[in-house]
Amino acid sequence: MAESGKDAYGRDQVVKIINSVLQKVESGDDGRTAIFRELKQLQKIIDDARAELGAARAGDINSKHIPTATDELDAVVAATADATGTIMDACDIIGDKAGEVGGANGDAITAAVTSIYEACSFQDITGQRITKVVTTLRTIEDKVSKLVAVLSDKLPIEMQVGEEEDKRVGDERLKNGPQMAGEAISQADIDKLLSDFS
Amino acid sequence: MAVDKNMNVLIVDDYNTMLRIIKNLLKQLGFNNVDEATDGTMALEKIKAKKYGLVISDWNMEPMSGLELLKQVRGSNDNNYMNVPFIMVTAESKTENVIMAKQAGVNNYIVKPFNAETLKTKIAAVLGDF
């Protein structure tokens, strides 16, 4: 008799039950009650597995989590590109002024500006690394799709629909990080909000 | 022979930041006639249309990579540009990449990130001291 808990749903347990049933059938053992009980047990394991797979919301991986992750990564690349552009704009001005200063001081300033330009190449490297991460995420997305398709075919899963409930409480519910453009409220909106409350 | 810093230089990269960095570093080295392209296809059109003394190109670009650009240039049989000095500047740092670029006819290979001194040294190795 299977024990309760995670062990009951282990692969070994399922194989054990199947072998036991086959053995009884092959031996001609007329223990129909025992066979029936073991088949019911197997049915429960399968039903529980279906329910757990449905509750895992594997569909959310492709419909929500991976798109969110790739959107955030795209935002990182865009933000670093903007910031790098601003840094280099400032460097252009400093470089021009260094030319006007001239002499040893001018050379020292130019050298420092050059160092900043060199450091700005981080944006290129981080952009390429992020592209690799996005590629990996898409690979995961593809494999999850295939896995869900195979499981759905062999073991019809009741996919849970609708937004997953946010179970965070207290301060944790307020920690959502930077919002995407179009979803964040502006400083002007915040100022107005604050003045409306005062 | 002295290096003609008035030569046209073409820089190729799909990241605008990198184009700007290389352009500024070249300016500091005295190369002021610098054109830009954001992928191999655009670069090839420019190379066919104008005489360049040097091409500095990234590798990973779409639709045409820097390696493919190099192969197209070297395999063109057009004496106007088939032998243009070509330096690859890329984050690709595996041995096989360097070998493939060399086999395709690259003149020098700079791995990112790099500094101004490295850029100068590698250009000088190709064009001569300046």
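In this predicted model, 16 residues of chain B are in contact with 18 residues of chain A. The two chains bury about 1500 Å² between them, and 55% of that area lies on carbon and sulfur atoms. On the chain B side, the residues that lose the most area to chain A are Y15(B), T17(B) and R20(B), which together account for 39% of what that side buries. Between chain B and chain A the count is 3 salt bridges; one of the pairs with charged side chains that meet in this way is D124(A) with K112(B), at 3.0 Å from N to O.

Turning from the interface to the fold of chain B, 5 strands form an open sheet with parallel pairing, in the order β2-β1-β3-β4-β5. Strands β2 and β5 (108–111) of chain B stand at the edges, and because each has a single partner strand, one side of each is left without a neighbour in the sheet. Direction ignored, neighbouring strands of this sheet are turned by 20 degrees against each other on average. Helix α5 of chain B, residues 116–127, packs on the sheet, where this helix touches β3, β4 (86–90) and β5 of chain B, and the direction of the helix makes about 175 degrees with that of β5(B).

Strand β1 of chain B, residues 9–12, pairs in the parallel sense with two strands of chain B: with β2(B), residues 34–37, over 4 bridges, and with β3(B), residues 54–57, likewise over 4 bridges. Some of the residues that stand opposite one another are listed here.

| Residue of β1(B) | Partner residue | Partner strand |
|---|---|---|
| V9(B) | L54(B) | β3(B) |
| L10(B) | D35(B) | β2(B) |
| I11(B) | E36(B) | β2(B) |

In a regular strand the side chains alternate between the two faces of the sheet. In β1(B), V9(B) and I11(B) lie on one side while L10(B) and V12(B) lie on the other, and as these four residues are all buried, both faces of the strand are covered. From β1(B) the chain crosses through helix α1 of chain B, residues 16–29, to β2(B), and this β-α-β crossover is right-handed.

Helix α1(B), with its residues 16–29, is thus the connection through which the chain passes from β1(B) to β2(B), and β2(B) is in turn one of the edge strands of the sheet.

Note on methods:
Residues numbered from 1 in each chain as written. Chains lettered and ligands numbered in written order. Predicted model: local features only at pLDDT ≥ 70, side-chain atom pairs only at ≥ 80, totals over all residues. Heavy atoms only, no water. Buried < 20%, exposed > 50% of the residue type's maximum accessible area, 1.4 Å probe, protein only. Pairing = 2+ DSSP bridges. Right-handed = clockwise from strand over helix to strand, strands pointing away. Axes fitted to C-alpha atoms, helices over the stretch in contact; angles between N-to-C directions. Contact = heavy atoms within 4.5 Å. Buried area = accessible area lost by both parts, 1.4 Å probe. Salt bridge = Lys/Arg side-chain N within 4 Å of Asp/Glu carboxyl O.
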